[in-house]
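Take a look at this chain with two topics in mind. We begin with its disulfides and then turn to its nonpolar cores.

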Amino acid sequence: MTIDVHDETRAADAPFADYLAAQFMARKSFSAQLSAPELEPARAACDYLLIRHDGLQFSAVCIVDCERDPARTFGLSAERTREIIGACRHYAGRIGMAKMPVHLHVIEVRGQPIDTQTRKRLKPYKRRSPLSKSIVTAWALDSSNATVWTNAPIAMRWGQGRWFERLLAGPRTPVSADDNGRRLVRVAPGRPWASFAIALVLIAMYGVQIAFAVSPQASFIGFDTQSLFALGGLNPAAVFEQGQWYRLISAVLLHGGVLHLLFNLVALLLAGFAAERLMGSAWFAATFVLGGAAGAALSLWLGPPGMVAVGASGAIMALLAAGLICSFRLVDNAQRLQIQMQLMFMLIPSLIPGANQHDIGGATDYAAHFGGAIAGVVIGLALRQNWRRHASTPAGQPVAVAVAGLGIVLAGWSLTAVAHNYPRYADVPEYIPRDQVTGPWSALSQSEAAELARAYPDDPRGHYALGRILFADKRYGAAEPAFRDALAAYQAHPDDFVDSFADQTRLLLALSLLLQGQSVPARHEAAPLCDRVDSGKMHDALMSAELCTPD
């Protein structure tokens, strides 16, 4: 049977099977003129056999009109139906190494409630296994009660099923070939210049990281936490306790290592060739700004106080998510599917803990990923909601330009703040490497401890080890300055060492003074310990030496 989608008089009073076929042709790009020899055995079992083939996807719809003849059913067995659609697999294309599946939807349109017998009869019409590339699904539509039954998976039931329900329950509107007029046939041609510009900024910032890294351990391959912190990495303690809000912006422009940067650049350019040409450069840049801010904000909210987070991943997740939502603006064709598969290939693994097996120089900040993705979904939905019928790009371009411009201004302010605060964090102490002390510290000789104290004056452990050796040799006068050097080095960077280190060093300093006959200075040094320590071995040592006894 053929149907003219321009016949507006039939739309309101024709059997629902006719109306449904017209909808498939007008809105889903199916055709009654396409044919496949492999499907011919099914033609007699269908009132309408419609095919969609765009070189990548191959789908067929078999509509059986049971309203005209309530005794009519789809006459082929489930096994034969699977064989027929399986023979069509060579029509499907590939995305990468993956062969696309082929689909056959068997739809019985009935004018009465769907009974148990109908459900039982149609239930076997499904693919043999979840991994099968030949997909058969069965549907029963009750036009009298606007209800739908199917054996399709949940995702298809929610999407395709809701469409059927809307057609059944809503007024029958005339369909025409222009019903896809609100959708774009393809993305706009051209190059994603905003993506290139953002990529160049990120590469330039990585060069700045290399030039101004504050630790000898930093290199082209990766950066230590102290360097990232000094250059504007996101740290909750610095933001909340010191008011360094500029880190919300500067952190987006930094990366933990070259692999981290390369992964983000690949994702950015992939989003650019898909999303930017669909959204337009202005909204693409604005989404990058808003997504980066949302990702940094969620990371700041959920992250531990001592974390240092960097990366444009949140902003890029927003681009991928917004591009995926906006891709539904395209007609359902091969290009749309390719774009969606590419975007989901990058987006979905980035939101699943453990799905990323690449080493990007540190733990993955999933809070930033989710924050950016959520912002991207909101932006994408807003753009689609306000997209004018025949416009090639979303509405609100001046708003997008303003947001992107504000992002540039804030980035300039942030980097200025980074430069202002940089000298505070550029003086990084050089501590004794682990491979310099292979055994216990107590096994060091005096010459070894002295050499470590000389080579690494910022590390209090070298001075302490030397003082302990001199103290054990009863050279209290020489031990005293070693302990004072250890305390001074500790106090310069107290957060890098446990608190008990200072207490133990102060006790030995007080004992060194006491054993030199300097009881007053000894009690002065021990006074902070006497005020705090009231039990344990240290308390016993203070009491036995009478360091807490007033003169």
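This predicted model holds 2 disulfides. A disulfide is a covalent bond between the sulfur atoms of two cysteines.

Start with Cys46 and Cys62. They form a disulfide, with their sulfur atoms 1.9 Å apart. The link of Cys46 and Cys62 is left-handed, with -110° about the S-S bond. It connects distant parts of the chain. Cys46 sits in the loop between helix H3 (40-43) and strand S1 (48-53). Cys62 lies in strand S2, residues 58-65. The two are 16 residues apart. Both Cys46 and Cys62 are buried.

Now move to the other pair. Cys530 is joined to Cys548 by a disulfide, S to S 1.9 Å. The link of Cys530 and Cys548 is left-handed as well, with -90° about the S-S bond. This pair also links distant parts of the chain, 18 residues apart. Cys530 belongs to helix H21 (residues 519-532). Cys548 is in the segment after helix H22 (536-544).

Are these two cysteines buried or exposed? Neither word fits. Buried means under 20% relative accessible area and exposed means over 50%. Cys530 has a relative accessible area of 24%, so Cys530 is partly exposed. Cys548 has 28%, so Cys548 is partly exposed too.

Number the bonded cysteines in sequence order, and the pairing reads 1-2, 3-4.

Look at two further cysteines, Cys88 and Cys326. Cys88 has a relative accessible area of 0%, so Cys88 is buried. Cys326 counts as buried because its relative accessibility is 0%.

Next come the cores. In soluble globular proteins, nonpolar side chains tend to be buried together. Here the largest nonpolar core has 51 residues. Those with the most contacts inside it are Leu202, Leu268, Met279, Phe284, Phe288 and Ile316. Several helices give two or more residues to this core, among them H7 (193-212), H12 (281-302), H13 (313-327) and H16 (397-426). Which helix gives the largest share? H11 does, with 10 residues.

Pick out Phe284 for a closer view. Leaving aside residues up to four places away in sequence, Phe284 touches Ala194, Ser195, Ile198 and Leu268. The list of its contacts also includes Ala271, Gly272, Ala275, Glu276, Met279 and Leu319.

Apart from this core lies another, of 35 residues. Ile432, Leu444, Ile469 and Leu508 are among them.

Technical notes
Residues are numbered from 1 along each chain as its sequence is written. This is a predicted model: local features need pLDDT of at least 70, side-chain atom pairs count only at pLDDT 80 or more; totals for chains, interfaces and linings use all residues. Side-chain values use heavy atoms; hydrogens and water are left out. A nonpolar core is a set of buried Ala, Val, Leu, Ile, Met, Phe, Trp, Tyr and Cys residues joined through side-chain atoms within 4.5 Å. Buried means under 20% relative accessible area, exposed over 50%, partly exposed in between (1.4 Å probe, protein chains only). Helices (H or I, at least four residues) and strands (E, at least two) are DSSP runs, numbered from the N terminus. Contact means heavy atoms within 4.5 Å. A disulfide is a pair of cysteine sulfur atoms within 2.5 Å.
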